Amino acid sequence: MIREVIIPKRNRLRIDIPDKFIGKSIELILREQTDTTRTPAKTISELEAELHKLTVDMKGYKFDRNEANDYE
């Protein structure tokens, strides 16, 4: 799936279709976007900073299968 929001400058639009869609049935939908307050895309470093808060430090952790299966 490809989604792109554009602001056309005239009433003609040229669309380049990726090779993987050639010979397949595709659907094009044109609609007015009502929400024009789009947030800009985040950079990789911004995403890494956000994901860093969700990571767990697994250094020193060792899985013991026998201990995990010993549930008596």
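# A guided tour of the chain

Begin by selecting Lys-42, which is partly exposed at a relative accessible area of 46%, where partly exposed stands between buried (under 20% relative accessible area) and exposed (over 50%), judged with a 1.4 Å probe and protein chains only. The model is a predicted one, in which local features need pLDDT of at least 70 and side-chain atom pairs count only at pLDDT 80 or more, while totals for chains, interfaces and linings use all residues. Residues are numbered from 1 along each chain as its sequence is written, and side-chain values use heavy atoms, with hydrogens and water left out.

With Lys-42 still selected, add Glu-50, since the two form a salt bridge whose closest N and O atoms are 2.3 Å apart; a salt bridge here is a side-chain nitrogen of Lys or Arg within 4 Å of a carboxyl oxygen of Asp or Glu. Glu-50 is also partly exposed, with a relative accessible area of 36%. In general, side chains of opposite charge can pair when their charged atoms come close.

Next, select Arg-14 and Asp-16, whose side chains meet in a salt bridge at 3.1 Å, N to O. Arg-14 is exposed at a relative accessible area of 71%, and Asp-16 likewise counts as exposed, at 58% relative accessibility. By the rule used here, the count of salt bridges comes to two.

Now select Ile-6, Leu-13, Ile-15, Ile-17, Ile-22, Ile-26, Leu-28 and Leu-30, which make a nonpolar surface patch of about 840 Å². Patches consist of residues with over 30% relative accessible area and no salt bridge, with nonpolar side chains (Val, Leu, Ile, Met, Phe, Trp, Tyr) joined within 5 Å and like charges within 9 Å; the areas come from the Shrake-Rupley method with a 1.4 Å probe, and for residues only the protein chains shown count as cover. Within this patch, pause at Ile-17, which lies in the segment before α1 (44-52) and counts as partly exposed at 42% relative accessibility.

Move on to Lys-24, which is also found in the segment before α1 and is exposed, with a relative accessible area of 56%. From there, draw a distance to Glu-67, 43 residues apart from Lys-24 along the chain: the C-alpha atoms of the two are separated by 53 Å.

Glu-67 is found in helix α2, residues 65-69, and is exposed at a relative accessible area of 61%. Add Asp-64, Asp-70 and Glu-72 to the selection, and you have, together with Glu-67, a negative surface patch.

Finally, display the whole chain, which has two helices and zero strands, these being DSSP runs numbered from the N terminus (helices H or I, at least four residues; strands E, at least two). Its C-alpha atoms fill a box of roughly 70 × 35 × 25 Å, taken along the principal axes. How many of the 72 residues of the chain count as buried? The share is 0%.

Key: Lys and Arg count as positive and Asp and Glu as negative; His and the chain ends are not counted. The place of a charge is taken as NZ of Lys, CZ of Arg, CG of Asp or CD of Glu.
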